[in-house]
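Thanks for coming. I will take a few minutes on one structure, with its sequence and model on the screen.

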Amino acid sequence: MQKNLEAVDWNTPVDNFTKMFYDQNKNQFWIPEEFSIPLDLPSWTKLTDEERYVYIHVLGGLTLLDTEQTEEGMLHVAKATDFSQRKALLMFMGSMEGIHADSYSTIFQTLATKSERKELFQWVKDNKNLQYKAKKIVSFYRQIENDPTPYKLAQAYVASVFLETFLFYSGFYYPLYQYGQGKVMQSGDVINMIIRDESLHGVYIGLLFHEIFRDKLTEDERVSIREFTKTLLEDLYANEVEYTDSIYNKIGLSADVKAFVRYNANKALMNLGFDTYFDEKDCEFSPIVLNGLDTKTKNSDFFSQKQNGYTKADVVPLEDSDFLEILALPQFN
């Protein structure tokens, strides 16, 4: 006989962090229509053909990853994760991944011609490095559909954190590089909003991984997961190097992009509670990109140029110190 179904009760927390992340995700909610992408056209037309090619194509790659995170990632992970509150948050995060993909299409609609868009999406479908990393990550999502054991779920969590905190960043680099120079600002605002979401996603799933790693795996399984994580990182990074060279060599930025990728790979490992892999000296990237990440230095902000009349509540972004406080709680020591 089927057991009775239960309603989610948000007034009875299942842990001391999910409700906080759920509220922050809601506070950060946004849609691409809140940005005036046509304002980017004057600076867009001043870019070279090679620069415009790189910009559009890295966003195409991001679109593929966000599509799979929407359709496969959060769907399978949420189904395999315990507690209705956690499932609700993961599904909300999946919806935001869909909005991210929608946002790139909003940018393409303004900055690319119809023929360029057609070429772009065919390129995404044919690009071996894009397809490799997307299929690799999706394979760990699909395996938990029929085998949702703690070990397999831990692998899926690792894959998800790598996607959110590591693999997206070869694509984020170039919009941030332009944004840090005061160019293509509205699209850069969109990218910063997406990065703000992804930082929450990576940290939250990292917390779920930490919990299952500590409480539900045997010592042998923990050793195996550590080795799995290292092997997967090396595999994905090798593919990312090829992908980065194939795009960014056109404009002489591949070396700096790879440093940015290494920096974020280390952050992904930290989200999982593991030691970093790359030396700090090999993770130093252009201050222009760092400037692109610092929205406080911009003359315009997210709330300054709305296309519609409604007013959103102020969003207070989480800082690194907030995440450190969570990790310092007794259950994560």
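I will go through the nonpolar core and then the aromatic pairs.

Please keep in mind that this is a predicted model.

Let me begin with the core. The largest nonpolar core has 98 residues. Within that core, F162, F166 and F172 have the most contacts. Helix α9, residues 185-215, gives the most to this core, with 14 residues.

What is F162 in contact with, leaving aside its neighbours within four places in sequence? The list is L167, T229, L232, L233, L236, A268, L269 and L272.

Now the aromatic rings. The structure holds 25 aromatic pairs, and I will show two.

In one pair, the ring centres of Y55 and Y174 are 6.1 Å apart. Their planes are at 70°, so this pair counts as edge-to-face. Y55 sits in helix α3, residues 49-80, and Y174 in helix α8, residues 169-179. The two are 119 residues apart, so the pair links distant parts of the chain. Y55 is buried, at a relative accessible area of 0%, and Y174 is buried at 1%.

The other pair is Y263 and F285, with ring centres 5.2 Å apart. Here the planes are at 65°, so the pair is again edge-to-face. Y263 belongs to helix α11, residues 254-271, while F285 is in the loop between α11 and α12. They are 22 residues apart.

Are these two residues buried or exposed? Y263 is partly exposed, at 34% relative accessibility, whereas F285 counts as buried, at 16%.

Finally, there is an aromatic cluster whose members include Y55, Y174, Y263 and F285. F172, from the core, is also one of its members.

Methods. Residues are numbered from 1 along each chain as its sequence is written. This is a predicted model: local features need pLDDT of at least 70, side-chain atom pairs count only at pLDDT 80 or more; totals for chains, interfaces and linings use all residues. Side-chain values use heavy atoms; hydrogens and water are left out. A nonpolar core is a set of buried Ala, Val, Leu, Ile, Met, Phe, Trp, Tyr and Cys residues joined through side-chain atoms within 4.5 Å. Buried means under 20% relative accessible area, exposed over 50%, partly exposed in between (1.4 Å probe, protein chains only). Helices (H or I, at least four residues) and strands (E, at least two) are DSSP runs, numbered from the N terminus. Contact means heavy atoms within 4.5 Å. Rings of Phe, Tyr and Trp (its six-membered ring) pair if their centres lie within 6.5 Å; planes under 30 degrees apart count as stacked, over 60 as edge-to-face and the rest as tilted.
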